[in-house]
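Subject: Structure handover

Hello,

Here is the structure you will be taking over, with my notes on it below. Please read them with the coordinates open.

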Amino acid sequence: MKLRSAILYIALALSANAATADMAQIEALRTGDMKKLNFVADPQPAPLDVTFVDEADAPHQLAKFEGKYVVLNFWATWCAPCRHEMPMLSNLAREMEGQPVEVVTIATGRNSLEGMKRFFAEIEVDNLPLYRDPKQLLARQMAVLGLPITVILDPQGNEIARLRGDAEWDSDSAIAILNALVGQS
């Protein structure tokens, strides 16, 4: 309980002093699984123009999320750690409602739409998008090696952090990090 209070206090202090908040302070919020979240020293632009598709095969690009922080998760229906992590991403999306944060999940590689729907139904996730990257074009451009991989993009579309493997995205630490990022914008 003390750790949770300390994390929330630091996050609130960073939000209140947004002008003085820097990445070192935000990195200090990493506890538990979030210690695996690696912040990028020199943020690079993500490939905002690479196309992926939704459940109706309509094309989308990361550019549509500019202006928001994006928690971009690459996953697959056959990935056991993805099954464990996805409900926490769903909880994070609910927690961040009303904030300039978008949780975007993209199944990369061979993932049938029916399999994706079944995957979400089995783990009771109903608020995340059914985006697919069937030819792994976006995943390759973003150097996604292994699953799951979660990348955080800033509002300008630059990669600012990356986490390999599954994590508790609905933890106090993850929420504090995202709130601090939003507060510094």
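The buried residues of helix α3 pack against five elements: β4 (69-75), β5 (101-108), α4 (113-122), β7 (149-153) and α6 (172-184). Those buried residues are C82, E85, M86, M88, L89, S90, L92 and A93. Please keep in mind throughout that this is a predicted model.

Helix α3 itself covers residues 80-95, 16 residues in total. From its first C-alpha to its last it reaches 24 Å, close to the 22 Å expected at 1.5 Å a residue. There is a kink of about 30 degrees at M86, shortly before the proline P87. M86 is also on the list of buried residues in α3.

Aromatic contacts

Searching the whole structure gives four aromatic pairs. In one of them, the ring centres of F52 and Y131 are 5.1 Å apart and the ring planes stand at 75 degrees; since an angle over 60 degrees counts as edge-to-face, the pair is classed that way. This pair links distant parts of the chain: F52 belongs to strand β2 (residues 51-53) and Y131 to strand β6 (residues 131-133), with the two positions 79 residues apart in numbering. Both partners fall under the 20% cut-off and therefore count as buried, F52 with a relative accessible area of 1% and Y131 with 9%.

Another pair is F119 with F120, which is tilted, at 6.1 Å centre to centre and 45 degrees between the planes. F119 and F120 are each buried. Together with W75 they make up one aromatic cluster.

Whole chain

As for the overall layout, the protein chain contains six helices and eight strands. Read from the N terminus, the order of elements is α-α-β-β-β-β-α-β-α-β-α-β-β-α.

The protein chain has 185 residues, and 49% of them count as buried. Among contacts with a separation of 6 or more, 73% are between residues 24 or more positions apart. The F52 and Y131 pair, at 79 residues apart, is one link between distant parts of the chain. The exposed area of the protein chain is about 9,100 Å², of which carbon and sulfur atoms supply 51%.

Where should you look first? My suggestion is to begin with the surroundings of α3 and then go on to the aromatic pairs.

Regards

Technical notes:
Residues are numbered from 1 along each chain as its sequence is written. This is a predicted model: local features need pLDDT of at least 70, side-chain atom pairs count only at pLDDT 80 or more; totals for chains, interfaces and linings use all residues. Side-chain values use heavy atoms; hydrogens and water are left out. Rings of Phe, Tyr and Trp (its six-membered ring) pair if their centres lie within 6.5 Å; planes under 30 degrees apart count as stacked, over 60 as edge-to-face and the rest as tilted. Helices (H or I, at least four residues) and strands (E, at least two) are DSSP runs, numbered from the N terminus. Buried means under 20% relative accessible area, exposed over 50%, partly exposed in between (1.4 Å probe, protein chains only). The expected span of a helix is 1.5 Å times one less than its number of residues. The bend at a residue is the angle between axes fitted to the seven residues ending there and the seven starting there. Contact means heavy atoms within 4.5 Å. Accessible areas come from the Shrake-Rupley method with a 1.4 Å probe; for residues, only the protein chains shown count as cover.
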